[in-house]
Amino acid sequence: MCGLSANAMCLLEKNVSFPSRDTITRICSALSIPVSYLLFYSITDDDVPEAKRIAFRALKEPMKTVLVPEQ
């Protein structure tokens, strides 16, 4: 659906390779989701500096409703 081979998708899923901006856009288009949604949901506590984790955790749920409002 996004024009990637099964091998390329497998490498992305296993964190062996990192997708280009174009690939991310094509995946999001195929899934009918905004790029911001995919990128935000890929962030974990480990990606956020320890000093900012409390703010990240507090904002995580409200940001979900902004990124993908209920339909």
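Asn-15 sits in the loop between α1 and α2, and that is where these exercises start. Keep in mind as you work that the model is predicted.

**Exercise 1. Two loop residues and their phi angles**

Work out what Asn-15 and Ser-32 show in their backbone angles, and whether each is buried or exposed.

*Solution.*
Step 1. Begin with the background: most residues other than glycine have a negative phi.
Step 2. Now look at Asn-15. Its phi is near 60°, a positive value in a residue that is not glycine.
Step 3. Turn to Ser-32, which is not a glycine either, yet has a positive phi of about 55°. Ser-32 belongs to the loop between α2 and α3.
Step 4. Check the accessibility. With exposed set at over 50% relative accessible area, Asn-15 counts as exposed because its value is 71%. Ser-32 is exposed too, with a relative accessible area of 65%.

**Exercise 2. The largest pocket**

Find which elements give two or more residues to the lining of the largest pocket, and describe that lining by residue class.

*Solution.*
Step 1. Start with the volume: the largest pocket holds about 350 Å³ of space.
Step 2. Match the lining to the helices. The elements that give two or more residues are α1 (6-13), α2 (21-31) and α3 (35-41). Of these, α2 gives the most, with 3 residues.
Step 3. Pick out the residues. Among those lining the pocket are Met-9, Leu-12, Phe-18, Ile-24, Ile-27, Leu-31, Leu-38 and Leu-39. Asn-15 from the previous exercise is also one of the lining residues, and so is Ser-42.
Step 4. Sort by class. The lining has 9 nonpolar and 3 polar residues, and no charged ones.

**Exercise 3. A closer look at Ser-42**

Place Ser-42 in the fold and find which backbone oxygen lies 2.7 Å from a polar atom of its side chain.

*Solution.*
Step 1. Ser-42 is in the loop between α3 and α4.
Step 2. Ser-42 counts as partly exposed, because its relative accessibility is 46%.
Step 3. The backbone oxygen in question belongs to Leu-39, and it lies 2.7 Å from a polar atom of the Ser-42 side chain. Leu-39 and Ser-42 both appear in the pocket lining as well.

**Exercise 4. The salt bridges**

How many salt bridges does the structure hold, and which residues meet in them?

*Solution.*
Step 1. Recall that side chains of opposite charge can pair when their charged atoms come close.
Step 2. Count the pairs: the structure holds 2 salt bridges.
Step 3. In one of them, the side chains of Asp-22 and Arg-26 meet at 3.8 Å, N to O. These residues are 4 apart in helix α2, about one turn of the helix. Asp-22 is partly exposed at 46% relative accessibility, and Arg-26 is partly exposed at 32%.
Step 4. In the other, Asp-45 and Arg-57 meet at 2.8 Å, N to O. This pair links distant parts of the chain, 12 residues apart: Asp-45 is in the loop between α3 and α4, and Arg-57 is in helix α4. Asp-45 counts as partly exposed at 25% relative accessibility, while Arg-57 is partly exposed with a relative accessible area of 48%.

**Exercise 5. An arginine without a salt bridge**

Explain why Arg-53 is not counted in a salt bridge, and say which backbone oxygen lies 3.0 Å from its side chain.

*Solution.*
Step 1. Locate the residue: Arg-53 is part of helix α4 (residues 53-67).
Step 2. Note that Arg-53 is buried.
Step 3. Look for a partner. The nearest side chain of opposite charge is that of Asp-46, 4.4 Å away.
Step 4. Apply the cut-off. A salt bridge needs the nitrogen within 4 Å of a carboxyl oxygen, so Arg-53 has none.
Step 5. Finish with the backbone: the oxygen of Val-48 lies 3.0 Å from a polar atom of the Arg-53 side chain.

Definitions and conventions:
Residues are numbered from 1 along each chain as its sequence is written. This is a predicted model: local features need pLDDT of at least 70, side-chain atom pairs count only at pLDDT 80 or more; totals for chains, interfaces and linings use all residues. Side-chain values use heavy atoms; hydrogens and water are left out. On a 1 Å grid over the protein atoms alone, a cavity is a set of points where a 1.4 Å probe fits but cannot get out, and a pocket is an open set with protein on both sides within 12 Å along at least five of seven lines; lining residues have an atom within 4 Å of a point. Grid points are joined across faces, edges and corners, and a volume is the space filled by probe spheres set on the points. Ala, Val, Leu, Ile, Met, Phe, Trp, Tyr, Cys and Pro count as nonpolar, Asp, Glu, Lys and Arg as charged, and the others, Gly among them, as polar. Buried means under 20% relative accessible area, exposed over 50%, partly exposed in between (1.4 Å probe, protein chains only). Lys and Arg count as positive and Asp and Glu as negative; His and the chain ends are not counted. A polar contact is a pair of N or O atoms within 3.5 Å; within protein, one must be able to donate a hydrogen and the other to accept it, and residues adjacent in sequence count only if both atoms are side-chain atoms.
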